[in-house]
Amino acid sequence: MDSSIQVGASGPTVWVKVEGKGSFLNSGNLKEFTREMLDRGYREFVVDLADCTMMDSTFMGTMATVALRLRELGQGHLQVVHCSNRCQELLAGLRLDQIFDVRANGASPPECGAFERPPWIQSTANQKREQIETMVEAHEALSEAAPENVLRFKDVIDFLRQDLHQFAPETLHIPAKRLDKPA
């Protein structure tokens, strides 16, 4: 099944509708979009999972990054609506239900359009580097969200950081974080 992320803003609220799989393959798009919306001053985010068939840890960590950023700003929140039992189990298993609201029902999103990347085309190496950076950031956010996730994702983060060493250090955008103790 193909996957896509539909996005839109209605009043002060940013809507994200996940269709198909929420995975490391589309987490970079989600990260890029939510950063832009945060920079524009939006503080209310709703993620609609009505048509989401699966989420991986990178995708959930990307959502956690948004919630943690809102907490850092001291305003706003992230809400997950139309969350199936399986998705609720995944979020609760990582204790993400502690940092954002998770609901089985909720309002329907406004008409949303597909997120589109900027018109310039990146090299394959840059796309790969950005994908790995997104994965590191997402797993660091999961570790920050709940202390028990630190040990769960330490090896994943270490492995991904090793992958980043194939790229020139000056092109990396991720500061090193200590993961041996919870934030």
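Is Glu148 buried, exposed or partly exposed? With a relative accessible area of 39%, Glu148 is partly exposed. That is one small piece of this predicted model, and here are some notes to go with your own look at it.

1. **Overall layout.** The chain contains five helices and six strands. Read from the N terminus, the order of elements is β-β-α-β-α-β-α-β-β-α-α. The chain has 183 residues, and 45% of them count as buried. Among contacts with a separation of 6 or more, 71% are between residues 24 or more positions apart.

2. **Surface.** About 9,800 Å² of the chain is exposed. Carbon and sulfur atoms account for 50% of that area.

3. **Strands E3 and E4.** These two strands run parallel and are joined by five bridges. For a concrete pair to click on, take Asp48, whose bridge partner in E4 is Val81. Strand E4 covers residues 77-81 and is mostly covered, with four of its five residues buried.

4. **Asp56, a buried acid.** You may want to spend a moment on Asp56, which sits in the loop between strand E3 (44-55) and helix H2 (57-73). Asp56 is buried but has no salt bridge. The nearest side chain of opposite charge belongs to Lys21, and it is 9.3 Å away. A separation of 9.3 Å does not qualify as a salt bridge, because the cut-off is 4 Å between a side-chain nitrogen of Lys or Arg and a carboxyl oxygen of Asp or Glu.

5. **What Asp56 meets instead.** Two backbone nitrogens come up here. The side chain of Asp56 reaches the backbone nitrogen of Phe24 at 2.8 Å. A polar atom of the same side chain, that of Asp56, lies 2.8 Å from the backbone nitrogen of Phe59. Setting aside residues up to four places away in sequence, Asp56 touches Gly22, Ser23 and Phe24.

6. **Lys17 and Asp51.** The structure holds 10 salt bridges. One of them pairs Lys17 with Asp51, whose closest N and O atoms are 2.8 Å apart. This pair links distant parts of the chain: Lys17 belongs to strand E2 (residues 13-22) and Asp51 to strand E3, 34 residues apart. How do the partners compare in exposure? Lys17 counts as buried, because its relative accessibility of 15% falls under the 20% limit. Asp51, at a relative accessible area of 38%, is partly exposed.

7. **Around Asp51.** Asp51 also has company from other parts of the chain. Leaving out its neighbours within four places in sequence, Asp51 is in contact with Lys17, Val18, Glu19 and Gly20. The C-alpha atoms of Asp51 and Glu19 are separated by 4.8 Å, although these residues are 32 apart along the chain.

8. **Glu148 and Arg95.** Back to the residue of the opening question: the side chains of Glu148 and Arg95 meet in a salt bridge, at 2.8 Å from N to O. Glu148 is in helix H5 (residues 148-164), while Arg95 is in the loop between helix H3 (85-93) and strand E5 (101-102), so the pair links distant parts of the chain, 53 residues apart. Arg95 is partly exposed at 37% relative accessibility, and Glu148 is partly exposed as well, at 39%.

9. **Lys154 and Asp158.** Helix H5 also hosts a local pair. Lys154 forms a salt bridge with Asp158, with the closest N and O atoms 2.9 Å apart. Lys154 and Asp158 are four residues apart in helix H5, so about one helical turn separates them. Lys154 counts as partly exposed at 31% relative accessibility, and Asp158 counts as partly exposed at 31% too. Elsewhere, salt bridges that share partners join Lys31, Arg35 and Glu137 into one network.

10. **Backbone angles to check.** Two residues other than glycine deserve a glance for their phi values. His82, in the loop between E4 and H3, has a positive phi near 55°. Arg95, in the loop between H3 and E5, has a positive phi near 60°. Arg95 is thus a residue to view twice, because it also takes part in the salt bridge with Glu148.

Definitions and conventions: Residues are numbered from 1 along each chain as its sequence is written. This is a predicted model: local features need pLDDT of at least 70, side-chain atom pairs count only at pLDDT 80 or more; totals for chains, interfaces and linings use all residues. Side-chain values use heavy atoms; hydrogens and water are left out. Buried means under 20% relative accessible area, exposed over 50%, partly exposed in between (1.4 Å probe, protein chains only). Lys and Arg count as positive and Asp and Glu as negative; His and the chain ends are not counted. A polar contact is a pair of N or O atoms within 3.5 Å; within protein, one must be able to donate a hydrogen and the other to accept it, and residues adjacent in sequence count only if both atoms are side-chain atoms. Contact means heavy atoms within 4.5 Å. Accessible areas come from the Shrake-Rupley method with a 1.4 Å probe; for residues, only the protein chains shown count as cover. Two strands pair if DSSP finds at least two bridges between them.
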